[in-house]
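Me: I should like to learn how to read some features of a protein model. Please show me the structure, and then we may take the features in turn.

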Amino acid sequence: MTDRLAMDQVFRAENEAQMLGALPPRLHETIRFQASVRPDAPGLADPTRRLSFADYDRAITQGAQLLRDHGVRDGDRVAVINENSVTSVVMILAVSAAGGVAAPINARIATSEVTAMLETLEPRLAVYTLESPAARGHAEAAAALGVENAVGALALSETFESAPETGTPPAVIMFTSGTTGRPKGVMLGHRALLYQGASHAWSRRVTDADVFYIVAPLSHAIGLGSSLVTCAIAGAEALLVPRFDPGGLARDIADGRITFMVAVPQVYAKLLDHASEHGIALGRGRMRFTGTGGANVDPALIDRMQATFGLPFGNGYGCTEMTPIARVPDGMKVSGNAIGSAAPGCEVRVAREDGSEADIGEVGELWARGPSRMDGYFRNPAATAEAITPDGWLRTGDRARVDPDGALYIVGRSKEMIIRSGFNVYPAEVEAVLNACEGVVQSAVLGRVVEGDEEIIAYVQPAAGRDLDTDTLRRACRDKLAGYKVPQEIHLRDLPIGPTGKILKSALAQDHAGDPPS
């Protein structure tokens, strides 16, 4: 791609083949293109600095040289432990420029979780972005050394003996928890991520006048593909924040700094509450699009957002393994669990257990396929075969139905997954930590829907004669798990057991309203 016409073809595309044909081979080349046609335009910012596209491109080149100087070769996997920042973005794209495979890891998760991901990944190098106190803590625990460089504050691990990927390596490996609690590495190709950004830019008519607010972590599909890559495709400015501050966001919106954002529903609820409490008029800014993905939306929140901004509130559906899958088109009025229709270039179907097509209105598992689908799970062919059918359909694990008008609705999840603040939480992860605590016989973890979110509720059965302390159990969870995985409530009780010896979670679910919180 050497001229502006090629990128413009993304927005004139009538189908996915045309859109894909207009895209460059690798992620970082989107920034190289923007630097060639609009070098002085703002491309990337965080609360501490702002880069033009020319500076952005130079920083990526410098970051790639730093990686090569430390032994990164074509196909090598590089972990980037980070929170959102200019440096984090530059280093993730620098891995692409160096010919490697980036694995963005959220620095805010527990050290044991980072360790498990690195053990799965076996990277050539681990990079820690030191503007993040959390990443700095992980770097110190790993004895990584700070380096002199022009990119930003970094620490690098030693260079490990690690075999590079062969064939056509993915662009990134993004981690998602499995039902066993062991992290799985989702392999996403350059094509998949570029299509994700191009599809979003095309569907929502993103332009180089837009400024994206990006609070979703770069280890999350919303943060990386749906936001950062969308900006790179459209030439929009990406404004990253490491942690959500409702006051700061409210000021940026009211001052006209932000035009576009995609975030989990909880961000919007806290934003509106803060603006109402402090008398901030959000509607007077330049905001032209707000939307969400990754969780059901409370209809009352949709109404509040539309009343505040005078805009439709967008909703979409995808998962780490494939985003986008579906979007609510502009102008469609929907309820909170509607996900609209298949995104451009994507196919969806609602399947019965035998794989046959479900009837209109019948609930089944949502299957999807398209250019944004993952290549598979890293070094996990069994899990890949379970998730992807021989003819290329991704089995999402979510229960869905189609109404007579063709709109898709998510009605439940097949594998007990809880979505807390937009992040996936699998009960088995939390149960494993609780069950390892002294004096615990067994535990059961469930989700409970609350306004705009889900809470994590744990039931723990003490050993005979043991007097367990729920604060101690919570501390154990905080030590071993990310904060969003820690139960909001812990109840001590004997657990109901069925005839097969399994805990009857359905019986516990009926007791949610009756048990007093601990």
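The dialogue below treats disulfides, two buried polar residues, a loop residue, a cavity and a pocket.

Me: On what basis should the values be read?

Reply: This is a predicted model, in which local features need pLDDT of at least 70 and side-chain atom pairs count only at pLDDT 80 or more, while totals for chains, interfaces and linings use all residues. Residues are numbered from 1 along each chain as its sequence is written, and side-chain values use heavy atoms, with hydrogens and water left out.

Me: How many disulfides does the structure hold?

Reply: A disulfide is a covalent bond between the sulfur atoms of two cysteines. The criterion is a pair of cysteine sulfur atoms within 2.5 Å. The structure holds 0 disulfides. Cys437 is in none, and the nearest cysteine sulfur, that of Cys477, is 6.5 Å away.

Me: Why is the sulfur of Cys477 not bonded to that of Cys437?

Reply: Because the two sulfurs are 6.5 Å apart, which is too far for a bond. As for accessibility, buried means under 20% relative accessible area, exposed over 50% and partly exposed in between, with a 1.4 Å probe and protein chains only. Cys437 is buried at 16%, and Cys477 is buried at 0%.

Me: Where does Asp210 lie, and which side chain does its own side chain join in a polar contact?

Reply: Helices (H or I, at least four residues) and strands (E, at least two) are DSSP runs, numbered from the N terminus. Asp210 lies in the loop between α8 (190-204) and β10 (211-214), and counts as buried at 3% relative accessibility. A polar contact is a pair of N or O atoms within 3.5 Å; within protein, one must be able to donate a hydrogen and the other to accept it, and residues adjacent in sequence count only if both atoms are side-chain atoms. The side chain of Asp210 makes such a contact, of 2.8 Å, with that of Arg288. Contact in general means heavy atoms within 4.5 Å. Beyond four places in sequence, the residues in contact with Asp210 include Arg205, Glu237 and Phe260.

Me: Is Ser227 buried or exposed?

Reply: Ser227, in helix α9, counts as buried at 1% relative accessibility. A polar atom of its side chain lies 2.9 Å from the backbone oxygen of Ile222. Leaving out residues up to four places away in sequence, Ser227 touches Phe212, Ile214 and Ile222.

Me: How far apart are Ala22 and Ala198?

Reply: They are 176 residues apart in sequence, and their C-alpha atoms are 9.6 Å apart in space. Ala22 is in the loop between α2 (16-21) and α3 (29-37).

Me: What lines the largest cavity, and how many residues line the second largest pocket?

Reply: On a 1 Å grid over the protein atoms alone, a cavity is a set of points where a 1.4 Å probe fits but cannot get out, and a pocket is an open set with protein on both sides within 12 Å along at least five of seven lines; lining residues have an atom within 4 Å of a point. The largest cavity is lined by Leu27, Thr30, Leu93, Leu194, Leu228, Val229 and Ala232. Helix α9 (residues 221-234) gives the largest share of that lining, 3 residues. The second largest pocket is lined by 39 residues, and those closest to its centre are Arg108, Val264, Lys270, Ser421 and Phe423. Helix α11 gives the most to this pocket's lining, with 4 residues.
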